[in-house]
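This briefing covers one protein chain for a reader at the bench. The points below are grouped by topic and can be read beside the model.

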Amino acid sequence: MTGFGGFLVRRTIGTLITLFAISVIVYVVFYATPGNVAQITCGPRCSPAQVQQVAAQLHLDDPLYLRYWHFLQGLLVGRDYSTGTSVEHCPAPCLGLSYQSDQQVTRLILAKLPVSLSLVFGAMVLWLVLGIGTGVLSAWRRGRFSERALTALTLAGTATPVFVIGLILMIVVCGELHLLPFPQYVDLTDDPEQWAWNLLLPWLSLALIEAAAFARLTRSSMLETLAEDHIRTFRAYGVGERSVIGRHALRGAFAPVIALNANNFGSAVGGAVLTETLFGLPGIGQELVHAVNVVDLPVVVGMVLVIGFFVVLANAVADVLYAVADRRVVLA
């Protein structure tokens with residue numbers, strides 16, 4: 001298959017293969033390692049009878065490939081779990097059952113996921129606006145004092161931990177100036193205005209760190225594009241500098257920005273642990289920390305799979321956008 005449709009098919013197949021490989025690696029790492037997997041999965045308070053029941057539900061007596069097959073079936077079509085007195089159905093994608101909290105892992109993650117997505121999507125808008133804007137301005141004002149000041153700010157932003165920026169924002173904005181209340185998460189469906197106001201500081205904390213990387217990448221890409229022959233030709237024909245930068249140079253510099261944004265978005269879904277913890281946001285990052293502390297293995301496995309899914313999906317979307325922006329990618 002050729003053309004853009006063929007590219008989409010190939011990219012989709014590649015994405016599915018990558019997701020399959022991630023599921024295999026995650027299962028082997030967590031469920032095929034030495035140790036009493038059933039005891040770890042069930043938790044320290046389980047009786048020997050409960051541990052045996054968990055071992056049977058996980059098919060730990062079967063060969064490794066059959067155990068993984070049952071795990072994969074749960075992801076694709078769902079599975080049933082015995083809770084002692086009844087059988088509970090876990091619909092696909094079934095990420096398992098948390099025996100410590102008696103909850104399906106999928107339901108637990110879905111309850112936390114909107115918080116993390118709210119944080120990451122809002123921060124992504126800010127880091128793109130701030131990062132690209134700063135990078136373009138820095139390239140446009142190259143060699144001037146404003147360019148040096150912006151470069152120093154981006155270096156400082158890259159070197160500053162997110163919790164430091166978050167603490168400074170809370171102390172100054174909430175504690176000293178009283179411009180905003182201390183963040184307390186509100187559902188978007190309950191009150192959109194309060195949802196945005198309470199997430200403004202977490203958005204800024206996460207966005208300022210990521211914007212620094214985007215500013216540096218945009219600046220270097222813009223400088224490289226501005227040095228190309230077709231840009232000099234536009235200038236020779238009298239095309240205005242703003243038009244050269246906005247319509248021609250910026251478009252050519254977008255490709256690496258798209259790739260970086262995909263990586264940052266996917267990693268930010270699972271990597272915003274410090275931001276969620278600092279501002280008390282009940283997202284999947286905070287839940288992952290709790291699951292690790294209490295050794296809730298099914299929740300940890302489910303969280304890792306969900307984070308891996310978002311990383312792969314974000315990169316797949318970035319490849320499609322990259323191909324739309326530059327059709328030479330389709331022919332590669």
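**Structural briefing**

Val317 is partly exposed, because its relative accessible area of 42% falls between the 20% limit for buried and the 50% limit for exposed. Val317 is found in helix α14. Between the C-alpha atoms of Val317 and Thr151 there is a separation of 30 Å, and the two residues are 166 apart along the chain. The model is a predicted one, and the values below are computed from it.

**Overall make-up**

- The chain has 332 residues, and 42% of them count as buried.
- Its secondary structure consists of 15 helices and 4 strands.
- Taken along the principal axes, the C-alpha atoms fill a box of roughly 80 × 60 × 35 Å.
- The accessible surface of the chain is about 17600 Å², and carbon and sulfur atoms account for 65% of that area.
- Of the contacts between residues at least 6 apart in sequence, 64% join residues at least 24 apart.

**Helix α1 and the Arg11 salt bridge**

- Helix α1 covers residues 3-31, which makes 29 residues.
- At 1.5 Å a residue this helix should span 42 Å, and its end C-alpha atoms are 42 Å apart, so the expected span and the model agree.
- The buried residues of α1 are Gly6, Phe7, Arg11, Thr15, Ser23, Val26, Tyr27 and Tyr31.
- One of these buried residues, Arg11, forms a salt bridge with Asp319, with the closest N and O atoms 2.4 Å apart.
- This pair links distant parts of the chain: Arg11 belongs to helix α1 and Asp319 to helix α14 (residues 297-325), with their positions 308 residues apart.
- Asp319 counts as partly exposed, because its relative accessibility is 30%.
- Helix α14 thus holds both Asp319 and Val317.

**The Lys112 salt bridge**

- The structure holds 2 salt bridges, and one of them joins the side chains of Lys112 and Glu287 at 4.0 Å, N to O.
- Lys112 is in helix α5 (residues 105-140) and Glu287 is in helix α13 (residues 284-293), so that this pair, 175 residues apart, also links distant parts of the chain.
- Lys112 counts as partly exposed, because its relative accessibility is 23%.
- Glu287 is buried, because its relative accessible area is 13%, which is under the 20% limit.
- Side chains of opposite charge can pair when their charged atoms come close.

**Cysteines and disulfides**

- The structure holds 2 disulfides, and their pattern is 1-2, 3-4 when bonded cysteines are counted along the chain.
- Cys42 and Cys46 form one disulfide, with their sulfur atoms 1.8 Å apart.
- The Cys42 and Cys46 link is left-handed, with -90 degrees about the S-S bond.
- Both Cys42 and Cys46 are buried.
- Cys90 is joined to Cys94 by a disulfide with an S to S distance of 2.2 Å.
- The Cys90 and Cys94 disulfide is right-handed, because the torsion about its S-S bond is about 110 degrees.
- Cys90 and Cys94 are both buried.
- Cys174 is buried as well, because its relative accessible area is 4%.

**Nonpolar surface patch**

- A nonpolar patch on the surface is formed by Phe163, Leu167, Ile168, Ile171, Val172, Leu177, Leu179 and Leu274.
- Together these residues have about 740 Å² of accessible area.
- Helix α7 (residues 162-176) gives the largest share of the patch, with 5 residues.
- Phe163 is found in helix α7.
- Phe163 is partly exposed, because its relative accessible area is 38%; patch residues must have over 30%.

**Thr218 and its surroundings**

- Thr218 lies in helix α8, which covers residues 192-226.
- Thr218 is buried, because its relative accessible area is 2%.
- Leaving out residues up to four places away in sequence, Thr218 touches Gly131, Ile132, Gly135, Val136 and Val257.

Conventions
Residues numbered from 1 in each chain as written. Predicted model: local features only at pLDDT ≥ 70, side-chain atom pairs only at ≥ 80, totals over all residues. Heavy atoms only, no water. Patch = residues over 30% accessible without salt bridge, like charges linked within 9 Å, V, L, I, M, F, W, Y side chains within 5 Å. Areas by Shrake-Rupley, 256 points an atom, 1.4 Å probe, with all protein chains shown as cover. Helix = DSSP H or I, 4+ residues; strand = E, 2+ residues; numbered from the N terminus. Buried < 20%, exposed > 50% of the residue type's maximum accessible area, 1.4 Å probe, protein only. Disulfide = S-S within 2.5 Å. Expected span 1.5 Å × (residues − 1). Contact = heavy atoms within 4.5 Å.
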